[in-house]
Amino acid sequence: MQITEHIASLSEEGRLLAAAAEQAGPGASVPTCPGWQIRHLLRHTGMVHRWAAAFLTEGHTAYHPDGGEPDLDGAELLAWFREGHSHLVRSLEEAPADLECWTFLPAPSPLAFWSRRQLNETTVHRVDAESALGGPLTPVPATRAVDGIDELLTGFHARPKSRVRSDKPRTLRVRAVDTAATWTVRISEDPPQTVRTAGDDGTEDVDCELSGTAEGLYLALWNRLPLTAVTLRGDRAVARLWTDNSAVTW
């Protein structure tokens, strides 16, 4: 996906998140984030938006801590979230293509990194907000879902921080049936190693395969949908290695 597409999608996802949060109310429980209410979701996501925007506007070339979550609630909190989201979108739109600043995953450029990262951050938390309403979720287009799976498997879980480990080497295949994308994830005592292939290229024997739409896989891999939302073949324990240990920490 192009940077401009990421930014446009980020703008829409933030609007949808705020609308769902407003409809649900600050005290509504968020089923996809046990223990959280909408107020916690808005404080967290709004803090992340401001944290990311600071790298874009202030050009920090090393890690810079966030400003913390605000002691706001109700209408004030929602307005604060919307203001921070708009500031992030503007910061991305106005950032120069040759921007230099800190990032924490491989990317073609810092601008490409932050537009992609904040789109996925906001999309997942928009799903959280909509889950509080108990109705249907706004669809995630397949191309965006594939890009998000790429970031998760080849970015986040390639880092030493990944807790998806196994004393016995195991192999998990992730197959998006509505696209040409397949990922083979090798799980061992080291961080997972993921290779993406096209179509039926991923034909080797694996211990477990998860298949489904790109959107279903994206949300299941982010633990926003249960494994029952996709098709599982093979050893369920391998899939549980993922669901039990894949929560992302910075």
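Which elements do the buried residues of α6 pack against? In this predicted model, the buried residues of α6 pack against α4 (110–131), α5 (142–155), β1 (170–176), β4 (208–212) and α7. Let's start with the whole fold and then come back to that helix.

## The overall fold

The protein has 7 helices and 5 strands, and their order along the sequence is α-α-α-α-α-β-β-β-β-α-β-α. Its radius of gyration is 18 Å, close to the 18 Å that the globule rule gives for 250 residues, so the protein is as compact as a globular protein of that length. The C-alpha trace spans about 55 × 40 × 30 Å along the principal axes.

Of the 250 residues in the protein, 52% are buried. Among contacts with a separation of 6 or more, 67% are between residues 24 or more positions apart.

## Surface and charge

For anyone thinking about the outside of the molecule, the accessible surface comes to about 11300 Å². Carbon and sulfur atoms account for 51% of that surface. As for charge, there are 24 positive and 34 negative side chains in the protein. The centres of these two sets lie 5 Å apart.

## Helix α6 and the residue after it

Back to α6, which covers residues 214–221. Here 7 of the 8 residues are buried, so the helix is largely enclosed by the rest of the structure. The buried residues are A214, G216, L217, Y218, L219, A220 and L221. Their packing partners include two helices listed above, α4 and α5, and the strands β1 and β4.

N223 follows α6 and sits in the loop that leads to β5 (231–234). Its phi is positive, about 60°, although N223 is not a glycine. Most residues other than glycine have a negative phi. With a relative accessibility of 29%, N223 counts as partly exposed.

## S246 and its link to N223

What joins the side chains of S246 and N223? The answer is a polar contact of 3.3 Å. S246 belongs to the segment after α7 (236–245), and this serine is buried, with a relative accessible area of 4%. So the pair brings together a buried residue and a partly exposed one.

N223 is one of several contacts of S246 once neighbours within four places in sequence are set aside; the others are H157, V164 and L221. L221 is also one of the buried residues of α6, and thus S246 touches both that helix residue and the loop residue N223.

## R165 between α5 and β1

R165 is placed in the loop between α5 and β1 and, at 28% relative accessibility, counts as partly exposed. Which backbone oxygens does its side chain reach? One belongs to S162, at 2.9 Å from a polar atom of the R165 side chain, and another belongs to E189, at 2.8 Å.

E189 is also among the contacts of R165 beyond four places in sequence, along with P160, I187, S188, D190, P191 and L241. For I187, 22 residues away along the chain, the C-alpha to C-alpha separation from R165 is 5.8 Å.

## Two buried positions in earlier helices

L41 lies in helix α2 (residues 38–58). Its relative accessibility is 0%, which makes it buried. Beyond its neighbours within four places in sequence, L41 is in contact with W36, H125, D128 and A129. L41 and I149 are 108 residues apart in sequence, and their C-alpha atoms are 22 Å apart in space.

V89 is found in helix α3 (residues 74–94) and is also buried, at 7% relative accessibility. Its contacts beyond four places in sequence are I7, L10 and S11. The C-alpha atom of V89 is separated by 40 Å from that of R236, a residue 147 positions away along the chain.

Terms used
Residues numbered from 1 in each chain as written. Predicted model: local features only at pLDDT ≥ 70, side-chain atom pairs only at ≥ 80, totals over all residues. Heavy atoms only, no water. Helix = DSSP H or I, 4+ residues; strand = E, 2+ residues; numbered from the N terminus. Rg over C-alpha atoms; globule rule 2.2 N^0.38 Å. Buried < 20%, exposed > 50% of the residue type's maximum accessible area, 1.4 Å probe, protein only. Contact = heavy atoms within 4.5 Å. Areas by Shrake-Rupley, 256 points an atom, 1.4 Å probe, with all protein chains shown as cover. Lys, Arg positive; Asp, Glu negative; His and termini not counted. Charge placed at Lys NZ, Arg CZ, Asp CG, Glu CD. Polar contact = N/O pair within 3.5 Å; in protein donor to acceptor, adjacent residues only side chain to side chain.
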